[in-house]
Amino acid sequence: MTPVNVAPYIPQRPPVLVVDTFSECSNSLIITEYKIPQDHIFVQDGHLSSAGLIENVAQTCATRIGWLNRDKPVKIGVIGSVSNLEIIRLPRVGQSLTTRVDVLSEIFEASVVHAEIKCEGETIAQCDMKVYVSDQNVASAS
């Protein structure tokens, strides 16, 4: 699949956007890419912060939901929990991330996923996350 811009499929916008494109998406898997800019809100001391990495996983999940429901208005989602978080190292400005999210289970509007973030081929973080999708869409929340 040719990389697809995530903007039409997620509610997040700059300055908090931490996903650029996705290259694969299905009911059980999504892979996103992101290049870390110098002036990002989650950059501290030249590195993307741990909060930025967690938000990257959440936005990857949001991209999957948005793409699978692309014929409907974009929904708002929330992180329910993060567990088994392991951050091996923080990526530097200018580096590129590839985030893989595998859906472990899904019931109603809740998903349990496992995520792995690689920076230029090296695993730098991983976690499990519960994500909930609201009944509210972006247009009605504005």
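Is Ser 49 buried or exposed? Ser 49 is buried, because its relative accessible area is 9%, under the 20% limit for that class. This residue belongs to a predicted model, and the legends below describe close-up views of that model.

**View 1. Ser 49 and the residues it touches.** Ser 49 sits in the loop that runs between β5 (47-48) and α1. Leaving aside residues up to four places away in sequence, Ser 49 touches Phe 42, Gln 44 and Leu 90. Leu 90, one of these contacts, is itself in a loop, the one between β6 (75-87) and β7. Ser 49 is buried, whereas Leu 90 counts as partly exposed, with 34% relative accessibility.

**View 2. A nonpolar patch on the surface that includes Leu 90.** Ile 79, Val 82, Leu 85, Ile 87 and Leu 90 make a nonpolar surface patch of about 340 Å². Leu 90 is therefore a residue with two roles in these views: partly exposed at 34% relative accessibility, it belongs to the patch and also touches Ser 49.

**View 3. The largest nonpolar core.** This core has 33 residues. Phe 22, Leu 53, Val 57, Leu 97, Val 101, Ile 117 and Ile 124 are the ones that touch the most other members. At least two core residues come from each of β2 (21-25), β3 (29-35), α1 (50-68), β7 (96-107), β8 (110-119) and β9 (122-137). The biggest contribution is that of α1, which gives 6 residues.

**View 4. The open sheet and its edges.** The sheet has 7 strands in the order β1-β2-β3-β7-β8-β9-β6, and their pairing is antiparallel. β1 (4-5) and β6 are at the edges; each has a single partner strand, so one side of each has no neighbour in the sheet. In general, strands of a sheet pair through backbone hydrogen bonds.

**View 5. β1 beside β2, and the loop that links them.** β1 and β2 run antiparallel and are joined by 2 bridges. In this pair, Asn 5 is opposite Thr 21 of β2. The loop between β1 and β2 contains Pro 15. Pro 14 and Pro 15 are joined by a cis peptide bond, with omega at about 15 degrees.

**View 6. The hairpin of β2 and β3.** These two strands form a hairpin with 3 residues between them. They run antiparallel, with 4 bridges joining them. Cys 25 is opposite Ile 30 in β3.

**View 7. β3 beside β7.** How many of the 7 residues of β3 are buried? The number is 6, so β3 is largely enclosed by the rest of the structure. β3 and β7 run antiparallel and are joined by 7 bridges. Two of the facing positions can be picked out here. Ile 31 is opposite Arg 100 in β7, and Lys 35 is opposite Ser 96 in β7.

**View 8. The hairpin of β7 and β8.** β7 and β8 run antiparallel, and 10 bridges join them. Ser 105 is opposite Val 112 in β8. The hairpin has 2 residues between its strands, and Phe 108 takes a positive phi near 50 degrees there. Both strands also supply at least two residues each to the largest nonpolar core.

**View 9. Glu 120, between β8 and β9.** Glu 120 is in the loop between β8 and β9. Although Glu 120 is not a glycine, its phi is positive, at about 50 degrees. Glu 120 counts as exposed because its relative accessibility is 55%, over the 50% limit for that class.

**View 10. Asn 84, in an edge strand.** Asn 84 is part of strand β6, which is at an edge of the sheet. Asn 84 has a positive phi of about 50 degrees and is not a glycine. With a relative accessible area of 59%, Asn 84 is exposed.

Technical notes
Residues numbered from 1 in each chain as written. Predicted model: local features only at pLDDT ≥ 70, side-chain atom pairs only at ≥ 80, totals over all residues. Heavy atoms only, no water. Core = buried A, V, L, I, M, F, W, Y, C linked by side-chain atoms within 4.5 Å. Buried < 20%, exposed > 50% of the residue type's maximum accessible area, 1.4 Å probe, protein only. Contact = heavy atoms within 4.5 Å. Patch = residues over 30% accessible without salt bridge, like charges linked within 9 Å, V, L, I, M, F, W, Y side chains within 5 Å. Areas by Shrake-Rupley, 256 points an atom, 1.4 Å probe, with all protein chains shown as cover. Salt bridge = Lys/Arg side-chain N within 4 Å of Asp/Glu carboxyl O. Pairing = 2+ DSSP bridges.
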